[in-house]
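Subject: Structure handover

Hello,

Please find the sequence and the structure below. My notes on what I found follow them.

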Amino acid sequence: MTKCTTPTATFPRCKGRQIVARFDGGDVTSDGGILLLRQLDREMGLTRSVARRLSDARDPQRCQHRTETLVRQRVFGLALGYEDLNDHHALRHDIALQTAVDTDGVLASQSTLCRFEQQADRDWAVAIHEEMIEQFIRSFRRPPKKPLYLDFDATDDRVHGQQLGRHFNGYYNHYIFLPLFVFCGDQLLVSYLRPAYRDASHHAGAILALLVRRLRQAWPEVKIVFRGDSGFCRPLILNWYDRYGVGYLIGLAGNKRLAKLAGKMVPG
């Protein structure tokens, strides 16, 4: 085995620049970008606020890792692309992730994170989304003068294992989940995981009603416009728009009968 006995090596100078090679690099990580996300999260206070809203049934006196620490570890891990809890067997020792989570010790194991996530229920989902909406509202210094366009979109999330709730969808020709996302500009307001056997508009009307109620509480005069594809063109939802004064830009699924009638309306 090679044994290095020289800790440093000096090379000829380059004008005013001294060139030194050292061999005591210490801990190395390939996920240094997580520190930028840490800074953003510190300014927004998102994970801290979310953690305060979550009910944690664990005994604090027997817990090594706080709720806020577990939330940050899981969220930052997902942001780095580590979706599986098994990844944290190695990640818990990663100095960059430890720093991002604001600790200098070993992070939670995959089993600890799993037990923590098993507490997640409807109340957790509501609490997290409430904080997301409140952060969206606080991002405006003044009531918005322009209409708020709420973009609803059902997106396929491919499933490659035997996850509970997976379903084959003929349109996407794969086993998927069919989550619903709601954006306003670049800001995410809703992320709702659904099985793929549900209609694309499943619960969209109820979610829109909750959003409209909260946004109008904050800004009574705000104009709200729903925007979505033909998957959300449903009579009940359309009637709701008209009743509550919500504008909408919505797609219509094409069919031969509609195309024929539309052709008759075109002059010449």
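In this predicted model, W219 is buried, because its relative accessibility of 6% falls under the 20% cut-off. F140 is partly exposed, with a relative accessible area of 28%. The ring centres of F140 and W219 are 5.1 Å apart and the planes stand at 70°, so the two rings make an edge-to-face pair. F140 sits in the loop between helix 7 (122-138) and strand 3, whereas W219 sits in the loop between helix 8 and strand 9, so this pair ties together parts that are 79 residues apart in sequence.

The count of aromatic pairs comes to 12. Ring pairs also join F152, F226, F232, Y241 and Y248 into a cluster. Elsewhere, R166 lies over the face of Y175, at 4.1 Å from the ring centre.

Now the sheet. It is open and has 5 strands in the order 8-7-3-9-10, with mixed pairing. Strand 8 (187-192) and strand 10 (247-250) are the edge strands, each pairing on one side only. On average, neighbouring strands are turned by 20° against each other, direction ignored.

Strand 7 (residues 180-184) runs antiparallel to strand 8, and 5 bridges join the two. They form a hairpin with 2 residues between them, and G185 in the turn has a positive phi of about 70°. Within this pairing, L180 has Y192 as its bridge partner, and F183 stands opposite L188. Strand 7 also pairs with strand 3 in the antiparallel sense, again over 5 bridges; here V182 stands opposite F152.

Which residues of strand 7 point to the buried face? They are L180, V182 and C184; F181 and F183 point to the other face and are not buried.

Helix 8 (residues 204-218) lies across strand 3 (148-154), strand 7, strand 8 and strand 9 (224-228). The helix runs at about 160° to strand 3.

The largest nonpolar core has 31 residues, and L150 and F152 touch the most other members. Helix 7, strand 3, strand 7, strand 8, helix 8, strand 9 and helix 9 (235-243) each give two or more residues to this core. Helix 8 supplies the largest share, 6 residues. A separate core of 11 residues lies apart from it, with V50, L85, F116 and W124 among its members.

F152 is worth a look on its own, as it comes up under several of the headings above. Leaving out residues up to four places away in sequence, the contacts of F152 include L180, F181 and V182. Among the others that F152 touches are A204, I207, L208 and L211. F226, R227, G228 and F232 complete the list. Of these, F226 and F232 are also in the ring cluster with F152.

If you open the model, I would begin with F140 and W219, then go to the hairpin of strand 7 and strand 8.

Regards

Key:
Residues are numbered from 1 along each chain as its sequence is written. This is a predicted model: local features need pLDDT of at least 70, side-chain atom pairs count only at pLDDT 80 or more; totals for chains, interfaces and linings use all residues. Side-chain values use heavy atoms; hydrogens and water are left out. Two strands pair if DSSP finds at least two bridges between them. Helices (H or I, at least four residues) and strands (E, at least two) are DSSP runs, numbered from the N terminus. Axes are lines fitted to C-alpha atoms, for helices over the stretch in contact, and angles run from 0 to 180 degrees between N-to-C directions. Contact means heavy atoms within 4.5 Å. Rings of Phe, Tyr and Trp (its six-membered ring) pair if their centres lie within 6.5 Å; planes under 30 degrees apart count as stacked, over 60 as edge-to-face and the rest as tilted. Buried means under 20% relative accessible area, exposed over 50%, partly exposed in between (1.4 Å probe, protein chains only). A charge sits over a ring if NZ of Lys or CZ of Arg is within 6 Å of the ring centre and within 35 degrees of the ring normal. A nonpolar core is a set of buried Ala, Val, Leu, Ile, Met, Phe, Trp, Tyr and Cys residues joined through side-chain atoms within 4.5 Å.
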